Amino acid sequence: MTPKWWDSLVKIAPALEKIDLRVNIKLLDVKVDNRKTDNRSIDFGGLNSEQQEKLLKTLPKFFSDGHEIIEAEYEKRSKDYPKKLGIGNNRKLIDYFAGKIPGADLYALKASVYIKEAFDAGGDVQPLKREVRYRYGRRGINISNLYTAGYFETWIRPMYENMSNKGDFDRSNFLSAFDIVVEQFPFAIFVSKEMSVAEIKKQIKEKISESQKYGIETLNIHGIGTENTLNITRAIETLKREMALKLDIDSKGALYVVKIDLSGK
Amino acid sequence: MKIIFDKSLAPRILRAFGKTTDQEGYLVDENTKKRIISKSDDDEIRLDEFAGIAHGSEAYLKSDIVSLIKYVESGKDKK
């Protein structure tokens, strides 16, 4: 027995009645699959004007039974997100931090996972990063930068494990330390195109001084793209005239990292 | 079931639900003129952010990545 919404649809497009539901339907791009969940979809733009008008009139009724109307690009991205989450250790990382970091930060982290995968696939991620910044401000961007640079695995996770293994572990202490890492990332500088050579140099000097306070032995300077790479190089060259620096440079495609060894300082 | 629409058709879709936009481009109810609030972030929605209507209760969707993640996660519970 067909549901009422189907009968309504057939009134709009009578040709549907003659079509075998088990096959793809070109007329309305109705895809049917055999799973119990209802994954049928209709391409609204594929209907003619009269069909569109008739469908619009019946639309509100469809929503009483949990149906949806979704913008095409959003639908595509909603299928892409789970795929990207499934790549490598992405899901494991998200699952690890669930319940350990604040909910909003976890969403910023999930968005960061998607942004990184989109970047690695050659996509333009600036609009996505703007969306994170709009919702979560500087903190969201910091989380994104920390994630992209691998610090959630190399710093934050070990920090949690180290703290939680102690008998007197109090999650609020971890959250305080997490706040310091996210708000100040004492061991890293993320260079953006808004930063001048002078600003980069100033931040490096400040971070070197802070690192000594925290006992941090490495300061990493991250940049993406030619302009940022050049500015980092210029800042470092200027600083080398003022202080002895032990450097290690790692360059992979557009990603550029200068590691300053502070262990001797 | 899903109905998939192109962004350019958003105003027509909204009209079908008695919604339109105000002078600043935010979604509003045609009758009350109250701005529509997104459930994912309790924020108003601009036409260019409108991504659809989900799950039968007229939950208006925003197109940003975090709203999308919440939408995807809410869908998992229903499978």
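## Reading a predicted two-chain model

Mentor: In chain A, 58% of the contacts between residues at least 6 apart in sequence join residues at least 24 apart. Keep in mind that this is a predicted model.

Trainee: What is the secondary structure of chain A, and what share of its residues counts as buried?

Mentor: Chain A has 10 helices and 6 strands. Of its 265 residues, 42% count as buried.

Trainee: How do I read the size of the contact between chain B and chain A?

Mentor: Interface size is often expressed as the accessible area that is lost when the parts come together. Here chain B and chain A bury about 4000 Å² between them, with 62% of it on carbon and sulfur atoms. Met1(B), Ile3(B) and Ile4(B) supply 22% of the area that chain B buries against chain A, more than any other three residues. In residues, the contact takes 36 from chain B and 43 from chain A.

Trainee: How many residue pairs are in polar contact between the chains, and which elements of chain B supply the side that touches chain A?

Mentor: There are 23 residue pairs in polar contact between chain B and chain A, counting pairs with both residues at pLDDT 80 or more. On chain B, at least two residues of the touching side come from each of strand 1 (2–5), helix 1 (10–16), strand 4 (50–54), strand 5 (59–62) and helix 2 (65–76). Helix 2 of chain B gives the most, with 10 residues. By type, the residues on that side of chain B are 18 nonpolar, 7 polar and 11 charged.

Trainee: In which sense does strand 2 of chain A pair with strand 1 of chain B, and in which sense with strand 4 of chain B?

Mentor: Strand 2 (residues 68–71) of chain A pairs with strand 1 of chain B in the parallel sense, over 4 bridges. With strand 4 of chain B, strand 2 of chain A pairs in the antiparallel sense, over 2 bridges. Take Ile70(A): its bridge partner in strand 1 of chain B is Ile4(B), and in strand 4 of chain B it is Gly52(B). Glu68(A) stands opposite Lys2(B) in strand 1 of chain B.

Trainee: Which residues lie on the two faces of strand 2 of chain A, and are they buried or exposed?

Mentor: Side chains in a regular strand alternate between the two faces of the sheet. In strand 2 of chain A, Glu68(A) and Ile70(A) are on one side, Ile69(A) and Glu71(A) are on the other, and all are buried.

Trainee: How many salt bridges are there between chain B and chain A?

Mentor: The count is 5 between chain B and chain A, and the structure holds 27 over all chains. Glu53(A) forms one with Arg12(B), the closest N and O atoms being 2.6 Å apart. This pair runs from helix 2 (residues 49–62) of chain A to helix 1 of chain B. Glu53(A) is partly exposed at 39% relative accessible area, and Arg12(B) is partly exposed at 22%.

Trainee: Is Lys2(B) buried or exposed, and with which residue does Lys2(B) form a salt bridge?

Mentor: Lys2(B) counts as buried because its relative accessible area is 18%, which is under the 20% cut-off. Its salt bridge is with Glu75(A), the closest N and O atoms being 3.0 Å apart. The pair crosses from strand 1 of chain B to helix 3 of chain A. Glu75(A) is buried as well, with 10% relative accessibility.

Trainee: Where in chain A do Arg157(A) and Glu161(A) lie?

Mentor: Both are in helix 7 (residues 151–164) of chain A, and because they are 4 residues apart there, about one helical turn separates them. They form a salt bridge with the closest N and O atoms 3.3 Å apart. Arg157(A) is partly exposed at 24%, as is Glu161(A) at 32%. Elsewhere, salt bridges that share partners join Arg135(A), Asp41(B), Asp43(B), Arg46(B), Asp48(B), Glu49(B), Lys62(B) and Asp64(B) into one network. One of its links is Arg135(A) to Asp41(B), at 3.5 Å between the closest N and O atoms.

Trainee: How many residues lie between strand 5 and strand 6 of chain A in their hairpin?

Mentor: There are 2 residues between them, and Gly253(A) in the turn has a positive phi of about 60 degrees. Strand 5 (residues 246–252) and strand 6 of chain A pair in the antiparallel sense over 7 bridges. Lys252(A) stands opposite Leu255(A) in strand 6 of chain A. Strand 4 (residues 218–224) of chain A also pairs with strand 6 (residues 255–261) in the antiparallel sense, over 7 bridges.

How values were computed. Residues numbered from 1 in each chain as written. Chains lettered and ligands numbered in written order. Predicted model: local features only at pLDDT ≥ 70, side-chain atom pairs only at ≥ 80, totals over all residues. Heavy atoms only, no water. Contact = heavy atoms within 4.5 Å. Buried area = accessible area lost by both parts, 1.4 Å probe. Salt bridge = Lys/Arg side-chain N within 4 Å of Asp/Glu carboxyl O. Polar contact = N/O pair within 3.5 Å; in protein donor to acceptor, adjacent residues only side chain to side chain. Nonpolar A, V, L, I, M, F, W, Y, C, P; charged D, E, K, R; others polar. Pairing = 2+ DSSP bridges. Buried < 20%, exposed > 50% of the residue type's maximum accessible area, 1.4 Å probe, protein only.
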